Amino acid sequence: IEVSLFAVDEAHCISQWGHDFRPEYLKLGALRKAFAKVPFLALTATADNQTRQDIAERLSLKKPDWFISSFDRPNITYRITLRSDGFAKLVDFLDQRPKDSGIIYCLSRKSVESTAIKLNANGFSALPYHAGLSKDTRQENQEKFIKDEVKIIVATIAFGMGIDKSNVRFVVHTNMPQNIESYYQETGRAGRDGLPGEAL
């Protein structure tokens, strides 16, 4: 067939992060070379200047046109609190949102597991998600979250790439994110339906 256009979504995965979750993105440069005359469109919600340069370089884009709009998500409220007595603060936060669906990001697999266990012991509906779980378990836990069979997923940053769940009401980070771009990408999973979301 004659290909008229290639559109690469989640194009930030070509750059500094995303390789662990979508290693095939690193191979897209070869596709570009095989179809040198076909236009390429790279799309992402989060790309600082360095990431944009990486995308252009890895896709062999020569003098590309850039279309950049606002990063503002006015429906998301951002809150910051001290980590001291963090679990109690997390429980207070969740107690105010008993029917809401959300993601809690932790830095390590161990903290994911312990947080999920403690949340369930406190009456919350939570499942863990990290690279140390079997593929089947990760898939099962993700499906339960997407179908609202469980309200909270406690995860490392391995969770969320390409997740299509519009009714995530909150995203909590129990540790500081790696960088502001990662933080924006992760908090942007809240409120995709345009309704209010919260980032803590």
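# A tour starting at helix α6

Select residues 180–187, helix α6. Seven of its eight residues are buried, so the helix is largely enclosed by the rest of the structure. Keep in mind that this is a predicted model.

**Stop 1: inside α6**

Show the side chains of the helix. Which residues of α6 are buried? They are E181, S182, Y183, Y184, Q185, E186 and T187.

Now bring up what surrounds them. The buried residues of α6 pack against one helix, α2 (49–58). They also pack against the strands β3 (76–78), β4 (101–105), β7 (168–173) and β8 (197–199). Colour each of these elements separately. Two of them, β4 and β7, come back at later stops.

**Stop 2: the whole chain**

Zoom out. The protein has six helices and eight strands. Trace the chain from its start. The order is β-α-β-α-β-α-β-α-β-α-β-β-α-β.

Turn the model along its principal axes. The C-alpha trace spans about 60 × 35 × 25 Å. Of the 200 residues, 44% count as buried.

Switch on the surface. The accessible area comes to about 11,700 Å². Carbon and sulfur atoms hold 54% of that area.

Next, think about contacts. Take those in the protein with a separation of 6 or more. Residues 24 or more positions apart account for 71% of them.

**Stop 3: α3 against α4**

Select residues 86–95 for α3 and residues 109–121 for α4. Two packed helices are described by the angle between their axes and the distance between the axes. Here the angle is about 50°, and the axes are 12 Å apart. That angle makes α3 oblique to α4. The crossing of α3 past α4 is right-handed.

Show the side chains at the contact. From α3, pick F87, L90 and L94. From α4, pick T115, K118 and L119, which they meet. How do the residues of this contact divide by type? Four are nonpolar, one is polar and one is charged.

**Stop 4: S101 and R169**

Go to S101, in strand β4. S101 is buried, with a relative accessible area of 2%. Show its contacts, leaving out residues up to four places away in sequence. S101 touches F145, D148, K151, K165, N167, V168, R169 and F170.

Draw a distance from S101 to F170. The two residues are 69 apart along the chain, yet their C-alpha atoms are separated by 6.9 Å.

Step across to R169, in strand β7. Is R169 buried or exposed? R169 is buried, at 15% relative accessible area. Beyond its neighbours within four places in sequence, R169 contacts D100 and S101. Its other contacts of this kind are A190, G191, D193, L195, P196, G197 and E198.

**Stop 5: R22**

Select R22. It lies in the loop between β1 (6–8) and α1 (28–34). This arginine counts as buried, at 16% relative accessibility. Now add E10, twelve residues away along the chain. The C-alpha atoms of R22 and E10 are separated by 9.9 Å.

**Stop 6: two positive phi angles**

Most residues other than glycine have a negative phi. The next two selections do not.

Start with K63, in the loop between α2 and β3. Its phi is positive, about 45°, although K63 is not a glycine. K63 counts as exposed, at 83% relative accessibility.

Move to D148, in the loop between α5 (135–146) and β6 (152–155). The phi of D148 is also positive, about 65°, and this residue is not a glycine either. How accessible is D148? It is partly exposed, with a relative accessible area of 32%. You have already met D148, as one of the residues that S101 touches.

**Stop 7: G123**

Finish at G123, in the loop between α4 and β5 (126–129). G123 counts as exposed, at 67% relative accessibility. Select D72 as well and draw the distance. These residues are 51 apart along the chain, and their C-alpha atoms are separated by 35 Å.

Key: Residues are numbered from 1 along each chain as its sequence is written. This is a predicted model: local features need pLDDT of at least 70, side-chain atom pairs count only at pLDDT 80 or more; totals for chains, interfaces and linings use all residues. Side-chain values use heavy atoms; hydrogens and water are left out. Buried means under 20% relative accessible area, exposed over 50%, partly exposed in between (1.4 Å probe, protein chains only). Helices (H or I, at least four residues) and strands (E, at least two) are DSSP runs, numbered from the N terminus. Contact means heavy atoms within 4.5 Å. Axes are lines fitted to C-alpha atoms, for helices over the stretch in contact, and angles run from 0 to 180 degrees between N-to-C directions. Angles under 35 degrees count as roughly parallel, over 145 as roughly antiparallel, 65 to 115 as roughly perpendicular and the rest as oblique. A crossing is left-handed if the near helix is turned anticlockwise from the far one by less than a right angle, and right-handed if clockwise. Ala, Val, Leu, Ile, Met, Phe, Trp, Tyr, Cys and Pro count as nonpolar, Asp, Glu, Lys and Arg as charged, and the others, Gly among them, as polar. Accessible areas come from the Shrake-Rupley method with a 1.4 Å probe; for residues, only the protein chains shown count as cover.
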